[in-house]
Amino acid sequence: MCGIFCSLHVGCCGHTGNIDDGPNNTVYHELSERLKVANAARGPDAQGTHHVRVQRICSGEAQAPSLSNTCSPAIDLEFFASELRLRGDAPVVQPHQQDGDVFCWNGEVFEGLNVNASENDGAKLFQSIHTLSTMDDLPFLLGRIEGPYAFVYYHAGSQKLYFARDPLGRRSLLIHKPSVFNPYFLLASVSVGDDQGYVMEELSTDGIFCLDVGQLCESKEVTQHFDSNLTCIPRHIDRRILPFAKLNRVNTALPPDVPPLVPSLDSEILPRDLAIAVDNLIDHLDNSVMLRVRNIPRRASSEKGRAQVAVLFSGGIDSTILAFLAHRHVPLDEPIDLLNVAFQNPRKIQVQTEGNIGAIPKREKKRQLKAAEINGVLKESTSYMVPDRVTGLQEVEEFKRTCPGRTWNFVEVDVPYEESQAARAAVEAIMFPGRTVMDLSLAMALYFASKGVGRLRISAATDDYQPYTSTARVLLNGLGSDELLGGYGRHRTAYATRGWQGVIDELQLELDRIPTRNLGRDDRVISSHGKETRHPFLSLTVVSFLAGLPVHLKLDPRLELGLGDKMLLRLAARKVGLLEASMRKKKAMQFGSHSARMEPGEAEKRGDLMIRTVSEP
């Protein structure tokens, strides 16, 4: 994991060789420094900066800078990268540089490039790109590697800047294009929040972008000619077989007229094709988890015996099966941290202590809440036994039976209301350009869970705890299973209204939306603590396998909740011995942790409303 910041700024070069200050330079330089600080937090192990100047060469001019006072247009490129070292034995400082080429890499290569345990994947990928005979082969190289990534690569020979995210958008990269008021170009893993200095948006995953910096410098008018010098290169080239260039389409084959029903998860005799799919899912997920938890370098010898891997853990089926599979591959003398977050939610507490007073007008409910705070009622009645805490504790007991010899650190991350509100401005800035109510409630849960500051239960006795801060810098996340395996209520609704064809269409829509939904936001939030989230369900190998399965092998909306939704995953969990987890019903993270709807009246607020709308009187 790394933080990337790249900027392109236009100025003039005189005999001093320095870009002269213009009217926008102060704003630009101050903003650049703030962005570098924000992106440095993502990579606490090392940071580096590199500058490249591209100067316009007029007809008849020599390439060397003029010694006269004549001012000629120039473009100044700045590359900044911070490093969270999770691959290889040797320390790495970015940006990578050689022969004028510059590479900023934020990602992991898990398949397609031979990287041994002692090597750094970013350094090895840089050499692979640098030695390409032509940059036209870049899509061919990237289409053969699997893993989350965002990168910026400057090719000195052509004076072109290449940048992209992986096809699923698992790593954040934000873009600001030059405008009249802000005439500079920015790329950054994370922003500094809503700011007049830019208009940031998520970079599209549609292709590999190429900015012709040399031609842009020749054009003199950067803002006006920027778009004409920016191209999007398709990920597929010349019909070559590129396994990781794009997402596979969902299998459109309709099931038999009446596919056989699975009466329960205990069914010992499954239809042959379903039994094979269960075994294949276990194998694919097991390999995906293995690739994401092995060979994580330790920062110091003093960390021996402390957790290297953590799971964002609710006790639900997704996080449970990932934790179980991690147990297979993490050394047995190394604990695994299970990060379980719970929020003090005044609205929930009010309902618990006073009943559902939804009929009371909003102003009166707000007045009662304030009175409760003054009287200390809130603090006395606080309970962190939210749904995710209950299921998390239950699942730890199942782990003790199914995973003998493993130390599971069940980290109870309790977030008082005052602490969550104090962090709100910082979380809003990190998750930007996400700005909806749902963005905030999910970002809050991820922010505190990934921070990993909580406590461990010493015994079953009440209040027998010890403080604990997780040292794990690799966090496994179960995101993706609902989209790929049909875990949402809308899949059941699609079946009720349009049958199996409706479910197929809905699954395709889910797959199409993954790159544009939560992954960039989640990456920005979790990485703000100098940690990296990894998504075993979203390995493109796993995605391809699940997309190719017939729909009736993944889910069966004819069956009850807790059985028909994500049926294939439930059967897989059952087969590996996770009996309790296999039956648990889905809970959205923001509701399972109580990070949503904290204020009286917020029950009526839709998740897609903008934060600013919610904060208005």
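1. A starting definition helps here: two strands count as paired if DSSP finds at least two bridges between them. With that in hand, welcome to this predicted model. An open sheet of six strands, paired in the antiparallel sense, runs in the order 4-5-6-7-11-12. Strand 4 (96-98) and strand 12 (230-233) stand at its edges; each has a single partner strand, so one side of each lacks a neighbour in the sheet. On average, and ignoring direction, neighbouring strands of the sheet are turned by 15° against each other.

2. For the wider setting, the protein contains 21 helices and 19 strands. Of its 617 residues, 56% count as buried. How many of the contacts between residues at least 6 apart in sequence join residues at least 24 apart? The share is 76%.

3. Let us walk across the sheet, beginning with strands 5 and 6. Strand 5 (residues 101-107) pairs with strand 6 (residues 149-155) in the antiparallel sense, over six bridges. To find this pairing in the model, look for Asn 106, whose bridge partner in strand 6 is Ala 150. Helix 2 (residues 121-130) lies across strand 4, strand 5 and strand 6, and runs at about 140° to strand 5.

4. The next step is the hairpin. Strand 6 and strand 7 form it with four residues between them, and Gln 159 in the turn has a positive phi of about 55°. Six bridges join these two strands in the antiparallel sense. One of the places to look is Phe 151, which has Ala 164 in strand 7 as its bridge partner. Is strand 7 (residues 160-165) mostly covered or mostly open? Mostly covered: five of its six residues are buried.

5. Strand 7 then pairs with strand 11 (residues 208-212), again in the antiparallel sense, over four bridges. Two partnerships are easy to follow here: Tyr 162 bridges to Cys 210, and Lys 160 bridges to Asp 212. Strand 11 is largely enclosed by the rest of the structure, because four of its five residues are buried. On to the edge: strand 11 and strand 12 pair in the antiparallel sense over four bridges, with Cys 232 in strand 12 as the bridge partner of Phe 209.

6. A word on the cysteines, as a new reader may wonder about them. A disulfide is a covalent bond between the sulfur atoms of two cysteines. Which count results when a disulfide is taken as a pair of cysteine sulfur atoms within 2.5 Å? The count comes to zero disulfides. Two cysteines can be placed by their accessibility: Cys 210 is buried, with a relative accessible area of 6%, and Cys 403 also counts as buried, at 1%. Cys 210 is the residue already met as the bridge partner of Tyr 162.

7. Now for the helices. Two packed helices are described by the angle between their axes and the distance between the axes. Helix 6 (residues 272-293) and helix 18 (residues 567-575) pack at about 75°, with axes 9 Å apart. Angles of 65 to 115 degrees count as roughly perpendicular, so helix 6 and helix 18 are described as roughly perpendicular to each other.

8. Which residues make this helix contact? From helix 6 come Leu 274, Ala 277, Val 278, Asp 279, Leu 281, Ile 282 and Leu 285, and they meet Met 567, Leu 568, Leu 569, Leu 571, Ala 572 and Lys 575 in helix 18. By class, the contact has 11 nonpolar residues, no polar ones and two charged ones.

9. Helix 6 and helix 18 also appear in the surroundings of helix 17 (residues 540-548). In helix 17, the residues Leu 540, Val 542, Val 543, Phe 545, Leu 546 and Ala 547 are buried. What covers them includes helix 6, helix 14 (481-485), helix 15 (489-513) and helix 18.

10. Finally, a look at Ala 581, which sits in helix 19 (residues 579-582). Ala 581 is buried, with a relative accessible area of 0%. Leaving aside neighbours within four places in sequence, its contacts are Ile 317, Thr 320, Glu 395, Glu 398 and Arg 570. Ala 581 and Glu 398 are 183 residues apart along the chain, while their C-alpha atoms are separated by 8.5 Å.

Definitions and conventions
Residues numbered from 1 in each chain as written. Predicted model: local features only at pLDDT ≥ 70, side-chain atom pairs only at ≥ 80, totals over all residues. Heavy atoms only, no water. Axes fitted to C-alpha atoms, helices over the stretch in contact; angles between N-to-C directions. Contact = heavy atoms within 4.5 Å. Parallel < 35°, antiparallel > 145°, perpendicular 65-115°, else oblique. Nonpolar A, V, L, I, M, F, W, Y, C, P; charged D, E, K, R; others polar. Disulfide = S-S within 2.5 Å. Buried < 20%, exposed > 50% of the residue type's maximum accessible area, 1.4 Å probe, protein only.
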